Amino acid sequence: MPKDYGASVVPAEQESHPAIRVLSVAWLTGTLAFLAYNLVYWLRIKRKQRSFRRVSNPEAWSIVEECRSLFAIQWPVSLFTDSSIQSPYITGVVRPAIYLPGTFGQEPGDASRLKHVLAHELAHYKRKDTAWNMLGSLVLAIHWMNPFVWFLMRRMKSDREQACDACALEVLGEEEAVPYGMTIITFLKRHSAGRNQPHLLYFKGMNGEKDIMRRIRMIGSFKKGSYKFSLLAVLLVVLLGAATLTNAPVSEAGTSAWIHAEQGGKEKLFEDGGFLVYDNLEKGARMAPFVFKVPSVLPDGYAFDDLSFHIQPLTSSASPEVDINYLKARINTSSGNMHLKISRSAGLEETYEQVVADEKKKFDTMEFEEGDYAIEKAPISLSGTEGLQITIRMLAWEGQPERYYYIWKDQGITYQLESYGGLRPDDYERMIASMKLPDRELNKLYENNDYHGRTITYLFDTEDIRRAQKLIGYDAAFPRELPGGFAASGSYVSRKVNFNYPESDQDSMRMLLEVSYRPIKTDKSAGEQVEGIKSVDFTQMLNGSMYEDMKKKGLVSFTRIDGERNNVKLQPVSIQGREALRTEPFKRDGTLSGPNAIELVSYFWLEDGVCYQANFAGQAPEEEQIVLYLMQQDK
């Protein structure tokens with residue numbers, strides 16, 4: 001009879017060594033305890049956070065919005081503070097919330113450190129460190145008996161902080177490395193006594209003196225573009241498998257020949273000439289040389305136009321000034337404007353005397369005598385604000401409406417408001433009574449209006465480019481330089497009138513992005529360029545049916561200086577197999593152009609629903625080489 005081998009081996013397979021059973025129970029108990037600890041901690045933190053106070057300082061919120069824009073974060077960022085918080089940290093996998101110590105802001109220099117703190121915490125959010133931190137806790141819960149895992153997680157924390165420092169500095173720029181390092185040291189001194197609470201992603205994030213020195217040395221030697229994958233993070237992927245650590249790239253425009261601003265970062269792209277102008281209050285107020293208030297109520301039909309200032313006063317004795325323009329306009333008609341001049345140190349009498357001098361100069365230019373007009377001054381008091389009302393009366397012209405200037409001082413800032421739109425005194429008074437510091441609600445009110453006959457906004461850095469991308473409706477990119485020695489020198493967002501002739505009022509409101517290129521000056525090329533290509537303008541906007549219409553008709557219509565059409569013939573051309581339309585040489589204003597006007601040539605092509613135009617001032621054989629380079633943009 002055959003032997004039943006199966007019966008003799010089954011009991012042996014079902015039994016396990018008692019030590020294995022003990023270790024299994026110990027492992028499971030430890031895992032459950034670890035998970036329970038993390039759950040209790042999370043619930044305790046969430047309960048405690050309900051009592052935290054939301055930060056209301058408008059200056060702090062301005063810095064929050066700036067940092068959010070620098071990292072190209074779409075979700076709003078919440079900001080809280082409480083005395084129980086010992087060091088800044090961030091929570092939220094999707095909706096970020098940053099928590100600051102209650103004492104933060106009470107010591108000298110804290111305001112300047114806030115940008116560094118927020119940048120570091122948002123670098124954690126951008127890198128998804130909160131999610132990886134949760135995953136790391138799960139890995140530890142499973143592998144808590146493995147000392148090698150504890151070592152790797154400890155190193156991960158240290159490398160994570162260095163990676164966040166590099167990520168933050170990649171966005172802030174090399175020039176912020178030393179101030180950023182000093183902020184780190186300040187927090188280490190302030191919180192070196194330790195914490196009696198567990199942490200998630202604290203700004204401190206240290207593992208001893210050696211890690212501190214590693215971090216400071218990295219900050220001190222930081223170079224733009226040095227933000228790389230962490231070698232230890234990659235090693236952890238291989239060793240653990242369950243926990244993948246990655247550095248979400250915050251690509252700076254400097255890593256590519258093309259500007260891809262939507263990837264985050266902030267880099268100055270063009271020279272501003274010492275003068276900045278913005279079409280939105282949020283950026284303008286943040287960049288301005290001092291803090292100021294603006295009206296939260298505007299007269300019917302008026303809208304914000306632009307905000308401008310000189311980075312440095314024009315003369316050593318001049319006061320820093322901010323100019324805000326308002327416009328009563330729609331589509332292609334304008335019926336009034338207002339001007340608010342804001343100065344940090346000018347007094348009421350000084351401002352009044354300057355207004356009188358300016359008005360007299362205007363009348364002298366128009367050859368009016370002193371008896372033809374009157375300038376009257378009267379004190380005003382509105383909502384506790386003392387000021388002056390200046391009335392300009394035209395005595396020589398019957399029926400001419402009075403003009404007004406209102407001047408007042410608030411918290412050391414002098415405001416001067418004037419209008420050329422027939423506003424009444426009560427309009428001015430409502431505006432003055434509504435003055436407040438910029439906030440989110442005002443930022444929405446103070447954006448570009450619906451007047452197509454103006455350049456909407458000039459662009460100076462990658463943050464401005466990101467705003468431009470939202471205005472034109474897609475992630476536009478452009479190169480820093482063109483073949484033949486041309487470098488980007490300026491950029492702006494404008495309306496379709498600067499692309500071709502608009503076919504209707506609605507068509508005229510469509511937006512475009514234009515970048516201008518000028519020859520790179522060298523010692524050999526110094527001086528005015530006489531022959532060849534003098535400049536290139538690269539323009540792009542959503543196509544609609546423009547390209548197809550131009551191709552079908554064989555012509556393009558540009559807008560002349562008098563608003564009429566300038567029709568220019570087009571010819572299809574092939575550039576290394578790519579289709580384009582090329583104009584014959586033309587002058588922008590056609591028959592209205594002067595004899596010295598430069599002849600232009602434009603190329604049009606279509607890709608992915610976007611119509612592109614390369615406009616050359618002056619001609620040379622390099623035209624098609626430049627167009628081909630623009631067609632083959634890196635994406």
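# Exercises on helix 6 and two open sheets

In this predicted model, helix 6 is followed by G173, a residue whose phi is positive, near 105 degrees.

**Exercise 1.** Work out what span helix 6 should have at 1.5 Å a residue, and compare it with the separation of its end C-alpha atoms.

*Solution.* Begin with the extent of the element: helix 6 covers residues 147–172, which is 26 residues. The expected span is 1.5 Å times one less than the number of residues, and for helix 6 this gives 38 Å. The end C-alpha atoms of helix 6 are 38 Å apart, so the expected span and the model agree.

**Exercise 2.** Decide whether helix 6 is largely enclosed or not by the rest of the structure, and describe the contact at its start.

*Solution.* A residue is taken as buried when its relative accessible area is under 20%. By that criterion 20 of the 26 residues of helix 6 are buried, and therefore the helix is largely enclosed by the rest of the structure. At the start of helix 6, the contact is made by N146, one of whose side-chain oxygens comes to within 2.9 Å of the backbone nitrogen of F148.

**Exercise 3.** For the open sheet of four strands, find the strand order, the edges and the residue opposite F80.

*Solution.* The strands are arranged in the order 1-2-4-3, and their pairing is mixed. Strand 1 (53–54) and strand 3 (89–91) are the edge strands, since each pairs on one side only. Strand 2 (residues 78–82) and strand 4 (residues 97–101) run parallel and are joined by five bridges. Across from F80 stands Y99 of strand 4.

**Exercise 4.** Describe the open sheet of eight strands, and then identify which strands helix 12 touches.

*Solution.* The order of this sheet is 6-8-9-10-14-13-12-11, with antiparallel pairing. Its edges are strand 6 (275–278) and strand 11 (373–382), each of which pairs on one side only. From one strand to the next, the twist averages 20 degrees. Within the sheet, strand 10 (residues 333–343) runs antiparallel to strand 14 (residues 413–419), with six bridges between them, and H339 stands opposite E418 in strand 14. Helix 12 (residues 425–433) packs on this sheet, where it touches strand 10, strand 11, strand 12 (385–394), strand 13 (403–410) and strand 14. The direction of helix 12 makes about 20 degrees with that of strand 13.

**Exercise 5.** Set the UniProt record for residues 20–43 beside the secondary structure of the model.

*Solution.* The unreviewed UniProt entry lists residues 20–43 as "transmembrane region". In the model, residues 20–43 are 100% helix and 0% strand, with end C-alpha atoms 34 Å apart.

How values were computed. Residues are numbered from 1 along each chain as its sequence is written. This is a predicted model: local features need pLDDT of at least 70, side-chain atom pairs count only at pLDDT 80 or more; totals for chains, interfaces and linings use all residues. Side-chain values use heavy atoms; hydrogens and water are left out. Two strands pair if DSSP finds at least two bridges between them. Helices (H or I, at least four residues) and strands (E, at least two) are DSSP runs, numbered from the N terminus. Buried means under 20% relative accessible area, exposed over 50%, partly exposed in between (1.4 Å probe, protein chains only). A polar contact is a pair of N or O atoms within 3.5 Å; within protein, one must be able to donate a hydrogen and the other to accept it, and residues adjacent in sequence count only if both atoms are side-chain atoms. Axes are lines fitted to C-alpha atoms, for helices over the stretch in contact, and angles run from 0 to 180 degrees between N-to-C directions. Contact means heavy atoms within 4.5 Å. UniProt positions are given in the numbering used here, feature names are shortened, and annotations may be inferred rather than shown by experiment.
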